[in-house]
Amino acid sequence: MGILDEDIQRIRDATDIVAVVSEHVQLKRVGRRFQGLCPFHSEKTPSFSVNQEAGLYYCFGCRASGDVITFVREVEKLDFVGAVEKLASRAGITLRYTDTGEHESRKHKAALYEAVERAVEWYHQRLLTAPDAAKARAYLRSRGFDGNDVRRYRIGWAPEGWDELARALRLPENVFVGSGLGFLNRQRRPTDAFRGRVVFPVFDTEGRAVGFGARILPGGQGPKYKNSAQSAIYDKSRLLYGLNWAKGEIVNADEAIVCEGYTDVIGFAKAGLPRAVATCGTALTGEHLRLLKSFARRVVLAFDADAAGQNAAERFYEWERQYEIDVAVAALPTGVDPSDLARDDPQALLRAVAEAEPFLGFRVNRVLATMPLSTPEQRARAAEAALDVVREHPSDLVRDQYLLDVAARTRIDPERLRERAARTRRAAGAKSGDRRADRAQLRQPGAPGGRDSIREGPEIEALRLLVCRPDEVRDWLFEELFGDDLSLAAYRALVETDGVRAAIERADPAAGELLRRIAVEESTAEPLDVVDLLLAEAGRRAITELEAEVRLADDPLAYSQTIAWLKLTIEDLQSEHPSVGSREQLLAWLTQQSEDEG
Ligand SMILES: [Zn+2]
């Protein structure tokens, strides 16, 4: 904070992200993007990608992402102002500050803290006493939380009205907006940020209220969680929910538990483990680990580690090395939140944490436990799969111990496994045999077109085209072509804004994450191939709906004629040479349907 937004924008415009990144990373042009070895995790094949026009980067290995300011912050370990100042002097831009100095900035922050504190109390009283909060109280009871929990964690209720908090607190505009409690609507009227949600106040390490995580009630409209916007006092990449209460216990136990949700943190405490913290609507970052490291040497992950394992392994190993911290994984039953387990079977939760395994051990066990081991062929296959996981660890001493373990459990001579591991490691270096490298290869611009170039389904490919070749595809796309909620949210953000950078800011966190990745990818697909596939999918969804309706219809014949026509059209669209007529007729029909509905 402190620097005029306008100047920050001037710096983004004046700075070539490729030039700045090139000072740290050797970049190579691949099609319209640039690629290189990621500076944020150790790797041998490039998975770090830069989109020069949009000024964004993304790593397919550790998912680090951002713009030129984020890059300078992360790579040179600066704060926001420091990074902006550095880029300003590089670009020869003189910065103008909003505050006349430190004093002003401290005064502004103090006003933000006070505003958030007042909001915490107002929401909290509302939950305890207001008639309109009855359903929120019922929801919390159903999750196993009683009045003591509500008071201890100062849980609140943000009512449905659009400006109830704004009218109750009557804050100056810059404080109301600057604290993330609300925004100005199109008529420039103060509007509450959270409406119809149970709110969990987030406190910083010193116990000052800085923001909120807000959960929709079951059956409500909108994303499940909404978090405070980034502000001068709320930096989600450095905040951990619950750390203010848990820090003493974390120091005593020399261990912190990291979970995903606000209710999980409370569940852990109720089950007798008051040393859990949660990220506030983001993935775990290096900053979080750096923060935890000052309290404990061991971190136990209590969330879906299978999902984490596939994407974040290298990042976890890197943190272990960089912060000298041990990362372990608690094996929770699949599909069960810690907070549910805390309510239904607290002993099982305690056991999972007590038996947490090192990250690599957890993943090796997962592989061996899910594969059959009764025949020599099966054991060989399982050993290979386990070796793939072991291979990612940067330490040869650690790798070798796990290799011995895999050898024993698959009854294979350890020497044979060592030879094999050495071979595959070399091969991985040479011909990049891992999944990420396959993706990197697919990003190479090859012969364009061909349906083989459509990856992860037509909806994602359409988004990719909309980012890198918008003019060729924009007119063919509309909302009904997106059946997946996440793709739809990303599509809306793209069409409602100008450019992918603005779309990322507009989108909810999940869609934003998807867009950050797509921003650095390319598409070699033929737009009309993608449109045909989307149309076919949308047509099939329509058929399913019609088939459900036909049973209740007065004139089933009309329905079956429509269904038959749809089937023929879809078949034609999927043939070698679809006719233009099929495409346009189906497009027209789908548009008509959506207009009829709403
Ligand atoms: Zn990376």
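User: Why is Arg 170 called exposed in this predicted model?

Analyst: The relative accessible area of Arg 170 is 67%. Exposed means over 50%, and therefore Arg 170, at 67%, is classed as exposed. Arg 170 belongs to the loop that joins helix 8 (164-169) to helix 9 (173-178).

User: What makes the backbone of Arg 170 noteworthy, given that it is not a glycine?

Analyst: Arg 170 has a positive phi of about 45°, although it is not a glycine.

User: How do you know that Arg 188 is exposed?

Analyst: Its relative accessible area is 55%. The cut-off for exposed is over 50%, so Arg 188 meets it. Arg 188 also has a positive phi, of about 60°, and is not a glycine. Its place is the loop between strand 7 (182-184) and strand 8 (190-192).

User: Which domains does the assignment give for the protein chain?

Analyst: The assignment gives domain 1 (5-91), domain 2 (102-227), domain 3 (244-354), domain 4 (371-436) and domain 5 (451-597). The contact between domain 1 and domain 3 takes eight residues from domain 1 and six residues from domain 3. The C-alpha centres of these two domains, domain 1 and domain 3, lie 30 Å apart.

User: What area is buried between domain 1 and domain 3, and what part of it do carbon and sulfur atoms give?

Analyst: About 600 Å² is buried between domain 1 and domain 3, and carbon and sulfur atoms give 40% of that area. On the side of domain 1 that touches domain 3, the residues are two nonpolar, three polar and three charged.

User: How many salt bridges are counted between domain 1 and domain 3?

Analyst: The count is zero. A salt bridge needs a side-chain nitrogen of Lys or Arg within 4 Å of a carboxyl oxygen of Asp or Glu, so a count of zero says that no pair between domain 1 and domain 3 was found to meet this rule. For polar contacts, the rule likewise finds zero residue pairs across the interface of domain 1 and domain 3, with both residues at pLDDT 80 or more.

User: Why is Asp 508 said to cap helix 25?

Analyst: A side-chain oxygen of Asp 508 lies 3.1 Å from the backbone nitrogen of Ala 510, at the N-terminal end of helix 25. A polar contact requires N or O atoms within 3.5 Å, and 3.1 Å is within that limit.

User: Which residues of helix 25 are buried, and what do they pack against?

Analyst: In helix 25 (residues 509-518), the buried residues are Ala 511, Gly 512, Leu 514, Leu 515, Arg 517 and Ile 518. They pack against strand 4 (56-59), helix 21 (457-468), helix 23 (485-496) and helix 24 (500-506).

Note on methods
Residues are numbered from 1 along each chain as its sequence is written. This is a predicted model: local features need pLDDT of at least 70, side-chain atom pairs count only at pLDDT 80 or more; totals for chains, interfaces and linings use all residues. Side-chain values use heavy atoms; hydrogens and water are left out. Domain bounds come from an automatic or database domain assignment. Contact means heavy atoms within 4.5 Å. Buried area is the accessible area (1.4 Å probe) that two parts lose on being put together, summed over both. A polar contact is a pair of N or O atoms within 3.5 Å; within protein, one must be able to donate a hydrogen and the other to accept it, and residues adjacent in sequence count only if both atoms are side-chain atoms. Ala, Val, Leu, Ile, Met, Phe, Trp, Tyr, Cys and Pro count as nonpolar, Asp, Glu, Lys and Arg as charged, and the others, Gly among them, as polar. Buried means under 20% relative accessible area, exposed over 50%, partly exposed in between (1.4 Å probe, protein chains only). Helices (H or I, at least four residues) and strands (E, at least two) are DSSP runs, numbered from the N terminus.
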